[in-house]
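Q: Please take a close look at the aromatic pairs in this model. Describe how the rings are arranged, and then the parts of the fold around them.

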Amino acid sequence: MVAEMLGGAKLVEVSSDGEPGDKSRFVRAVEQALLEGRADVGVHSAKDLPGEEVEGLEIAAVPAREDPADAWIGAGGSLEDAAEGARVGTVSLRRKAQLLAARPDLRILDLNGNVDTRLRKLAEGDYDAIILAAAGLRRLGRESEIGFRVPTVRMVPAAGQGALAIQVRSGDEETAATVRAINDEAAFAQLHAERACFTRLDASCSTPIGVHAELSGSTLRIGAFVGLPDGGEWIRDELEADAAEPEAAGKELAKRLLGAGAGELLARAAAEAA
């Protein structure tokens with residue numbers, strides 16, 4: 001997709017096989033290719049990027065964002081319509097926390113694998129429904145699988161969900177200028193606001209946190225959810241700020257969340273996951 005946006009580019013494939021750790025292993029292989037000079041441009045699913053950027057690399061562009069919402073695949077037209085005690089598949093603590101906060105009766109079961117594997121497990125009857133990112137399904141041409149899109153006000157997406165982050169080496173102004181041609185200013189501002197909040201909360205990709213920003217003219221609206229994986233306790237907040245200062249807005253929201261006890265919730269969530 002990005003190569004086509006740039007008018008054509010040579011693809012450099014990398015592999016995460018053998019990489020230790022969580023899903024950030026997908027990021028490391030691409031970043032290593034950039035740092036070693038084997039590639040000039042790195043393409044990431046923005047929600048996979050850790051909050052702290054790797055020294056020597058920077059996000060130079062964010063193309064127009066795909067739908068950031070989560071999608072319910074299974075019977076029903078809304079969370080309220082889901083069957084009592086439905087078995088719902090997801091490995092995301094963020095999704096689990098928000099599903100149980102809204103519907104404590106749901107049975108949340110772990111679900112791993114790529115999109116095709118997860119859809120197959122649903123079809124085989126292992127689950128009554130599964131939750132996936134709407135963006136991934138749309139990009140893979142599987143939008144027809146979506147039962148309903150969960151509104152972002154009901155389930156706050158992961159920071160960067162639906163966005164692509166285009167990474168280059170710091171100081172490589174020629175390449176940076178090239179990729180800026182496909183930058184979408186609104187998506188760029190949204191991502192930086194969300195990442196600023198996420199980073200200030202000292203979160204990881206496995207933390208039960210959702211952060212989502214939207215732009216309306218010169219106003220940026222950003223909201224977040226922080227909760228325990230069992231949905232028993234949670235905090236939500238949102239604010240409006242100047243769209244010209246997205247990172248400041250993200251940091252201010254994180255400050256408010258921490259003041260409301262988000263730090264304690266996150267510490268307890270980490271202890272429970274250990």
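A: In this predicted model, the structure holds 2 aromatic pairs. One of them is formed by Trp-72 and Phe-148, whose rings are stacked, with 5.4 Å from centre to centre and 15 degrees between the planes. Trp-72 belongs to strand S3 (residues 70–74) and Phe-148 to strand S7 (residues 148–150), so the pair ties together parts that lie 76 residues apart in sequence. Both Trp-72 and Phe-148 are buried. Phe-225 and Trp-234 also make a pair: their ring centres are 6.2 Å apart and their planes stand at 25 degrees, which is under 30 degrees, so this pair counts as stacked. Phe-225 has a relative accessibility of 2% and therefore counts as buried. Trp-234, at 44%, counts as partly exposed because this value falls between the limits of 20% and 50%.

The strands of the Trp-72 and Phe-148 pair, S3 and S7, appear in an open sheet of 5 strands with the order S5-S4-S6-S3-S7 and mixed pairing. Strand S5 (107–109) and S7 are the edge strands, each pairing on one side only. On average, neighbouring strands in this sheet are turned by 30 degrees against each other, direction ignored. Within the sheet, strand S4 (residues 87–89) and strand S6 (residues 129–133) run parallel and are joined by 2 bridges. Val-88 has Ala-129 in S6 as its bridge partner. Helix H3 lies across S3, S4, S5 and S6 and runs at about 125 degrees to S6. Helix H4 (residues 115–123) also packs on the sheet, where it touches S3 and S6, and its direction makes about 165 degrees with that of S6.

A contact leads from H3 to the other aromatic pair. Gln-98 is placed in helix H3 (residues 93–102) and is buried, with a relative accessible area of 3%. Leaving aside neighbours within four places in sequence, Gln-98 is in contact with Arg-154, Met-155, Val-156 and Phe-225.

Around Phe-225 and Trp-234 there is another sheet to consider. In this open sheet, 3 strands follow the order S9-S10-S11 with antiparallel pairing. Its edge strands are S9 (209–216) and S11 (234–242), and each pairs on one side only. Neighbouring strands are turned by 15 degrees against each other on average, direction ignored. S9 is joined by 8 bridges to strand S10 (residues 219–227), and the two run antiparallel. Glu-214 has Arg-221 in S10 as its bridge partner. Helix H7 (residues 185–200) packs on this sheet, touching S9 and S10, and its direction makes about 145 degrees with that of S9.

Helix H9 meets the strands of this sheet as well. H9 (residues 262–273) has 12 residues and reaches 16 Å from its first C-alpha to its last, close to the 16 Å expected at 1.5 Å a residue. Ala-262, Leu-265, Leu-266 and Ala-269 are buried in H9. They cover an arc of only 95 degrees around the axis, which puts them on the same side of H9. Glu-264 and Ala-271, on the other side of H9, are exposed. The buried residues of H9 pack against S9, S10, S11 and helix H8 (246–259).

Note on methods
Residues are numbered from 1 along each chain as its sequence is written. This is a predicted model: local features need pLDDT of at least 70, side-chain atom pairs count only at pLDDT 80 or more; totals for chains, interfaces and linings use all residues. Side-chain values use heavy atoms; hydrogens and water are left out. Two strands pair if DSSP finds at least two bridges between them. Helices (H or I, at least four residues) and strands (E, at least two) are DSSP runs, numbered from the N terminus. Axes are lines fitted to C-alpha atoms, for helices over the stretch in contact, and angles run from 0 to 180 degrees between N-to-C directions. Contact means heavy atoms within 4.5 Å. Rings of Phe, Tyr and Trp (its six-membered ring) pair if their centres lie within 6.5 Å; planes under 30 degrees apart count as stacked, over 60 as edge-to-face and the rest as tilted. Buried means under 20% relative accessible area, exposed over 50%, partly exposed in between (1.4 Å probe, protein chains only). The expected span of a helix is 1.5 Å times one less than its number of residues. The arc is that of the directions from the helix axis to the C-beta atoms.
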